[in-house]
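Work through the exercises below with the sequence and the coordinates at hand, and try each task before reading its solution.

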Amino acid sequence: MNKYYQKDLYAILGVSADSDETKIKAAYRKQARKWHPDVNDNSQESLDRFKEITEAYEVLTDAQKRSQYDILKGIHSRKETVYSTQTQAKKAYEKSNNTTNTTASSTKKETSTSQKEHKENDKSSFSQVFESILDGIFTSGTEPNNSNKKAKKPKPENGRDINLNVNIKMSEAISGTHRTVNVLHSERCPKCEGRRFINGAKCPLCKGTGEVSLHKKINVKIPAGIKKGAKIRLANEGNKGYNGGKNGDLYLFINIEENKFFKYEGNNVVCEIPITPFEAVLGANIDVPTICGSVSMKIPANTSTGQKFRLSGQGIEDQKSKKKGDQIVTVKIEIPKELSNEEIKLYEQLKNLSKSKIRENLIND
Ligand SMILES: [Zn+2]
């Protein structure tokens, strides 16, 4: 749960709990002028205060969030009702208890006192100057603020890394490939420059998030012999850094799609190949597909289902040692699907000729 539930958001803005949106907005503007890090001393304190008032403003100007907050804080007894208008909420509030009023008004006093002090410390048209500074900050889109030159240099912010999964076919993994990947970047909103608010209202472009998403296409070379799970790093292709901070990196995680025929086992390629009963009995030279084309493989006479053969050097090249793996071929005897009458007759002759009793010793042992 967010920490704001533990705070008195009304007191933070210096308003009473029955204030309408206009009042809250006005109060926020007032506070923002005071605590905005750029017009202030850019200290951690003003930064924290600014964050706090902005959070309070966000919650209290969102009807649903405000209603939830009020319920949790026990401000109104309006558990079932989500008020559609501020007037309704106000009426209901007037009927309900007044306990929060005391806190709110006492904070109000504090706020106005500190504001008074502030004014006294400075020269005549202080508030006017402030007004103009703030209007500049809150409205400035792309132009840097001129009144802001004295502010401390902002801290460098490094851009975040971006991770992306890329699926490639096994044939692409073997021979290498190129991919144009669409990378979703998050960038500082150009309208509010990451400040999230313009004139106290949520920025219409980023909707108060301070960031916008944009797609960038990048062409990537995927080297030959890449393995499943390999990580390709593209330096500086992550999210933008700010104030002299570094850009993030882009990481591509390679997934090699399963292939019906070939499977990977380390650098070896594994496959199963069907042979006919007569190839199994008589032996044969058969064509076997490999990841680099077809090769001829010798099946010796009397080969059984499940027997394995090794095609040396037909596997994946190791990226470091440059040594190639093998292809492991497992044979499986398969009956041809369509047999002619003549073939069946020949099988019948074979059956009559055969003296083999292959099931004789099944249970003796
Ligand atoms: Zn924005």
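**Exercise 1: the surroundings of one loop residue**

Setting aside neighbours within four places in sequence, Asn 247 is in contact with Gly 159, Asn 236, Gly 238, Lys 240 and Gly 241, where contact requires C-beta atoms, placed from the backbone, to lie within 7 Å. Before going further, note that this is a predicted model, in which local features need pLDDT of at least 70 and side-chain atom pairs count only at pLDDT 80 or more, while totals for chains, interfaces and linings use all residues. Residue numbers start from 1 along each chain as its sequence is written.

Task: locate Asn 247 in the chain and decide whether it counts as buried, partly exposed or exposed.

Solution. Begin with the position: Asn 247 belongs to the loop between β6 and β7, helices (H or I, at least four residues) and strands (E, at least two) being DSSP runs numbered from the N terminus. Next, take the burial scale, on which a residue is buried with 20 or more other C-beta atoms within 10 Å of its own, exposed with 12 or fewer, and partly exposed in between, the C-beta atoms again being placed from the backbone. Asn 247 has 18 C-beta neighbours inside 10 Å and therefore counts as partly exposed. Finally, return to one of its contacts: the C-alpha atoms of Asn 247 and Gly 159 are separated by 4.6 Å, although the two residues are 88 residues apart along the chain.

**Exercise 2: two open sheets**

Task: give the strand order of the open sheet of three strands, and explain why β1 and β6 each have one side without a neighbour.

Solution. The order is β1-β7-β6, with mixed pairing, and two strands are taken to pair if DSSP finds at least two bridges between them. β1 (162–168) and β6 (231–234) stand at the edges with a single partner strand each, so one side of each has no neighbour in the sheet. Direction ignored, neighbouring strands of this sheet are turned by 25 degrees against each other on average, the axes being lines fitted to C-alpha atoms and angles running from 0 to 180 degrees between N-to-C directions. As a check on the pairing, β1 and β7 (residues 250–256) run parallel over seven bridges, and Leu 164 has Leu 252 as its bridge partner in β7.

Task: which strands form the edges of the open sheet of four strands?

Solution. This sheet has the order β8-β9-β13-β12, and its pairing is mixed. Its edge strands are β8 (263–265) and β12 (308–311), each of which pairs on one side only, and the twist averages 35 degrees from one strand to the next. Between β8 and β9 (residues 268–275) there are three bridges in the antiparallel sense, and Lys 263 has Val 270 as its bridge partner in β9.

**Exercise 3: the nonpolar core and two helices**

Task: identify which helix gives the most residues to the largest nonpolar core.

Solution. A nonpolar core is a set of buried Ala, Val, Leu, Ile, Met, Phe, Trp, Tyr and Cys residues joined through C-beta atoms within 7 Å. The largest has 19 residues, and those with the most contacts inside it are Leu 9, Leu 13, Ile 53 and Ala 56. α1 (9–13), α2 (21–35) and α3 (44–60) each supply at least two residues of this core, and α3 gives the most, with six residues. Leaving aside neighbours within four places in sequence, Ile 53 is in contact with Ile 12, Leu 13, Tyr 28, Gln 31, Ala 32 and Trp 35.

Task: contrast α3 with α10 in burial.

Solution. In α3, the buried residues are Phe 50, Ile 53, Thr 54, Ala 56, Tyr 57, Val 59 and Leu 60, and they pack against α1, α2, α4 (63–73) and β3 (197–198). In α10, by contrast, the number buried is zero of 13 residues, so this helix lies largely in the open.

**Exercise 4: confidence**

Task: state over which residues the pLDDT is below 50.

Solution. The mean pLDDT of the protein chain, as the predictor's confidence in each residue from 0 to 100, is 78, and 76% of its residues reach 70 or more. Over residues 77–149 the pLDDT is below 50, and beyond near neighbours in sequence this stretch has 62 contacts in the model. Where pLDDT is low, the predicted coordinates should not be read in detail.

Terms used: Two residues are in contact if their C-beta atoms, placed from the backbone, lie within 7 Å.
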